[in-house]
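Colleague: I am new to this model. Please take me through one part of it at close range, and then link that part to what lies around it.

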Amino acid sequence: MLDSLIKEGASLRLVADPAPEYVFESIAVDGIPAQAVAGVYEIPEVNDDHDISVVFDKYHTGLEEIPDNVPIISVSAGNLTVTGCANGCSVYDINGRVVYSGQGSFSITLPSGIYILRDGARVEKLVI
């Protein structure tokens with residue numbers, strides 16, 4: 001079908017326009033990676049048949065997904081709120097004293113300072 005559309009010696013401009021949620025990843029001509037700028041590849045003079053492969057990838061934000069077993073931590077106006085602390089959480093002040101210990105979800109008011117939240121093997125530094 002393309003034989004009737006592209007004449008020998010003509011130029012070919014390929015624009016790789018991904019569907020929503022996808023991004024242009026790469027292009028190869030006859031199995032060899034080719035340079036494409038913003039998903040645009042040009043063959044200045046078509047003199048032979050070519051196999052052109054275009055690869056798209058699912059769009060990634062760069063942010064990792066939060067696993068289900070990790071507590072969600074929120075700090076606002078002196079309040080520390082932790083949701084989903086299934087392994088048992090402890091909050092320590094800068095001197096290593098336990099200011100809270102428990103399981104599940106909780107909200108506590110703390111004076112300004114630096115605190116450590118331990119959930120099993122996971123440790124987070126908090127600034128209130």
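How many disulfides does the structure hold? Which cysteines are joined, and what is the S to S distance? Please start there and work outwards.

Modeller: First, a caution: this is a predicted model. The structure holds 1 disulfide. Its partners are Cys 85 and Cys 89, with an S to S distance of 1.5 Å. Now take its handedness. The torsion about the S-S bond of Cys 85 and Cys 89 is about 110°, so this disulfide is right-handed.

Are the two cysteines buried or exposed? The cut-off for buried is under 20% relative accessible area. Cys 85 has 0% relative accessibility, so Cys 85 counts as buried. Cys 89 has 1%, and therefore also counts as buried.

Next, the strand around them. β7 covers residues 79–93, a range that takes in both Cys 85 and Cys 89. β7 has a partner in β6, residues 72–76. The two pair in the antiparallel sense, over 5 bridges. In this pairing, Ile 73 stands opposite Val 82 of β7. Together β6 and β7 make a hairpin, with 2 residues between them. Look at Ala 77 in the turn: its phi is positive, about 50°.

β7 also leads into the interior. The largest nonpolar core has 13 residues. Six of them touch the most other members: Leu 80, Val 82, Val 91, Phe 106, Leu 110 and Leu 117. Three elements give two or more residues to this core: β7, β8 (98–109) and β9 (114–119). The largest share is from β7, with 5 residues. Nonpolar side chains tend to be buried together in soluble globular proteins.

Now zoom in on Leu 80. Leaving out residues up to four places away in sequence, Leu 80 touches Ile 73, Ser 74 and Val 75, among others. Its contacts also include Val 91, Phe 106, Ser 107, Ile 108 and Leu 110. Leu 126 and Ile 128 are on the list too.

Phe 106 deserves a second look. Its relative accessible area is 8%, so Phe 106 is buried. Phe 106 also has a ring partner, Tyr 100. Their ring centres lie 3.9 Å apart and their planes meet at 25°, so this pair is stacked.

How many aromatic pairs does the structure hold? There are 2. One of them joins Phe 24 and Phe 56. This pair is edge-to-face, at 6.5 Å centre to centre and 75° between the planes. It links distant parts of the chain, 32 residues apart. Phe 24 belongs to β2 (residues 22–29), and Phe 56 to β5 (residues 52–58). Both rings are in partly exposed residues: Phe 24 has a relative accessible area of 24%, and Phe 56 has 36%.

β2 and β5 share an open sheet of 3 strands, ordered β3-β2-β5. The pairing there is antiparallel. β3 (32–33) and β5 are the edge strands, and each pairs on one side only. Between β2 and β3 there are 2 bridges. Here Val 29 stands opposite Ile 32 in β3.

To recap the starting point: the disulfide joins Cys 85 to Cys 89, and β7 gives the largest share of the 13-residue core. Apart from that core lies another, of 5 residues. Ile 27, Tyr 41, Ile 43 and Val 46 are among its members.

Notes
Residues are numbered from 1 along each chain as its sequence is written. This is a predicted model: local features need pLDDT of at least 70, side-chain atom pairs count only at pLDDT 80 or more; totals for chains, interfaces and linings use all residues. Side-chain values use heavy atoms; hydrogens and water are left out. A nonpolar core is a set of buried Ala, Val, Leu, Ile, Met, Phe, Trp, Tyr and Cys residues joined through side-chain atoms within 4.5 Å. Buried means under 20% relative accessible area, exposed over 50%, partly exposed in between (1.4 Å probe, protein chains only). Helices (H or I, at least four residues) and strands (E, at least two) are DSSP runs, numbered from the N terminus. Contact means heavy atoms within 4.5 Å. A disulfide is a pair of cysteine sulfur atoms within 2.5 Å. Rings of Phe, Tyr and Trp (its six-membered ring) pair if their centres lie within 6.5 Å; planes under 30 degrees apart count as stacked, over 60 as edge-to-face and the rest as tilted. Two strands pair if DSSP finds at least two bridges between them.
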